[in-house]
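Trainee: I have a new structure open and no idea where to start. Can you walk me through it?
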Amino acid sequence: WSPVQTIGSTLLSIQSLMNSAPIHNEPGFEDRHQHGEKSKHYNQYIRHETIRVAVLEIVHIAMKKSNDEGKNKHYLLPLKLAETISDSFLDIAEIVKYICDEYSFLDGR
């Protein structure tokens with residue numbers, strides 16, 4: 001990113017990296033024929049970690065309350081944001097469960 005780029009051009013650059021074989025965006029892995037099997041494993045790992053970090057961790061944070069000693073514990077995120085995250089997760093929970101089950105062999109790696 002540079003200061004002369006707009007948000008639109010930055011998002012377009014990010015979108016161009018989002019394809020069915022993201023390993024080929026990594027230096028040294030540009031050759032699709034040479035790294036076919038690695039691409040499959042890389043895609044599985046990326047999908048697993050995206051669910052783990054970008055979905056489950058944020059849902060966990062959205063539901064977590066502070067460790068304040070007093071009675072007035074509060075959510076770590078603003079309440080409206082926490083509610084939106086929780087509600088949105090309910091919309092995709094079945095898909096997330098399917099992906100987690102499919103890639104459970106990657107847990108702990």
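Mentor: Start with contacts along the chain. Among contacts in the protein with a separation of 6 or more, 33% join residues 24 or more positions apart. Keep in mind that this is a predicted model.

Trainee: Okay. How many helices and strands does the protein have?

Mentor: Three helices and zero strands. From the N terminus on, the order is α-α-α.

Trainee: What share of the residues is buried?

Mentor: Of the 109 residues, 20% count as buried. The protein exposes about 8,600 Å². Carbon and sulfur atoms supply 60% of that area.

Trainee: Now the inside. Which residues make up the largest nonpolar core?

Mentor: Six residues: Ile51, Val55, Val96, Ile99, Tyr103 and Leu106. Two elements give two or more residues each to this core: helix 2, residues 36–63, and helix 3, residues 79–102. There is also a second, separate core of five residues. Ala62, Leu77, Ala82 and Ile85 are among them.

Trainee: Is there a general idea behind cores like that?

Mentor: Yes. In soluble globular proteins, nonpolar side chains tend to be buried together.

Trainee: Back to Tyr103. What is Tyr103 in contact with, leaving aside neighbours within four places in sequence?

Mentor: Gln44, Arg47 and His48.

Trainee: Gln44 caught my eye. Where is Gln44 placed?

Mentor: In helix 2.

Trainee: And is Gln44 buried or exposed?

Mentor: Buried. Gln44 has 14% relative accessibility, and the cut-off for buried is under 20%, so Gln44 falls on the buried side.

Trainee: What does Gln44 touch, not counting residues up to four places away?

Mentor: Tyr103, Phe105 and Leu106. Two of those names should ring a bell: Tyr103 and Leu106 belong to the largest nonpolar core.

Trainee: New topic. How many salt bridges does a search of the whole structure find?

Mentor: Two. One pairs Arg52 with Glu49. Their closest N and O atoms are 2.6 Å apart.

Trainee: Why are Arg52 and Glu49 separated by about one helical turn?

Mentor: Because they are three residues apart in helix 2.

Trainee: How exposed are Arg52 and Glu49?

Mentor: Arg52 is partly exposed, with a relative accessible area of 37%. Glu49 is buried, at 15%.

Trainee: And the other salt bridge, which residues form it?

Mentor: Lys97 and Asp101. The closest N and O atoms are 2.7 Å apart. These two are four residues apart in helix 3, so about one helical turn separates them.

Trainee: Are Lys97 and Asp101 buried or exposed?

Mentor: Lys97 counts as exposed, at 52% relative accessibility. The cut-off for exposed is over 50%, so Lys97 passes. Asp101 is partly exposed, with a relative accessible area of 47%.

Trainee: Last one, the surface. Which residues form a nonpolar patch there?

Mentor: Ile7, Leu11, Ile14 and Met18. Together they have about 470 Å² of accessible area.

Trainee: Take Ile14. Where does Ile14 sit, and how exposed is Ile14?

Mentor: Ile14 is in helix 1, residues 7–17. Ile14 is partly exposed, with a relative accessible area of 44%.

Trainee: Let me say it back. Three helices, zero strands. Two salt bridges. A largest nonpolar core of six residues, plus a separate core of five.

Mentor: Good. Add the nonpolar surface patch that includes Ile14, and you have your notes.

Note on methods: Residues are numbered from 1 along each chain as its sequence is written. This is a predicted model: local features need pLDDT of at least 70, side-chain atom pairs count only at pLDDT 80 or more; totals for chains, interfaces and linings use all residues. Side-chain values use heavy atoms; hydrogens and water are left out. A nonpolar core is a set of buried Ala, Val, Leu, Ile, Met, Phe, Trp, Tyr and Cys residues joined through side-chain atoms within 4.5 Å. Buried means under 20% relative accessible area, exposed over 50%, partly exposed in between (1.4 Å probe, protein chains only). Contact means heavy atoms within 4.5 Å. Accessible areas come from the Shrake-Rupley method with a 1.4 Å probe; for residues, only the protein chains shown count as cover. A salt bridge is a side-chain nitrogen of Lys or Arg within 4 Å of a carboxyl oxygen of Asp or Glu. Patches are made of residues with over 30% relative accessible area and no salt bridge: like charges are joined within 9 Å, nonpolar side chains (Val, Leu, Ile, Met, Phe, Trp, Tyr) within 5 Å.
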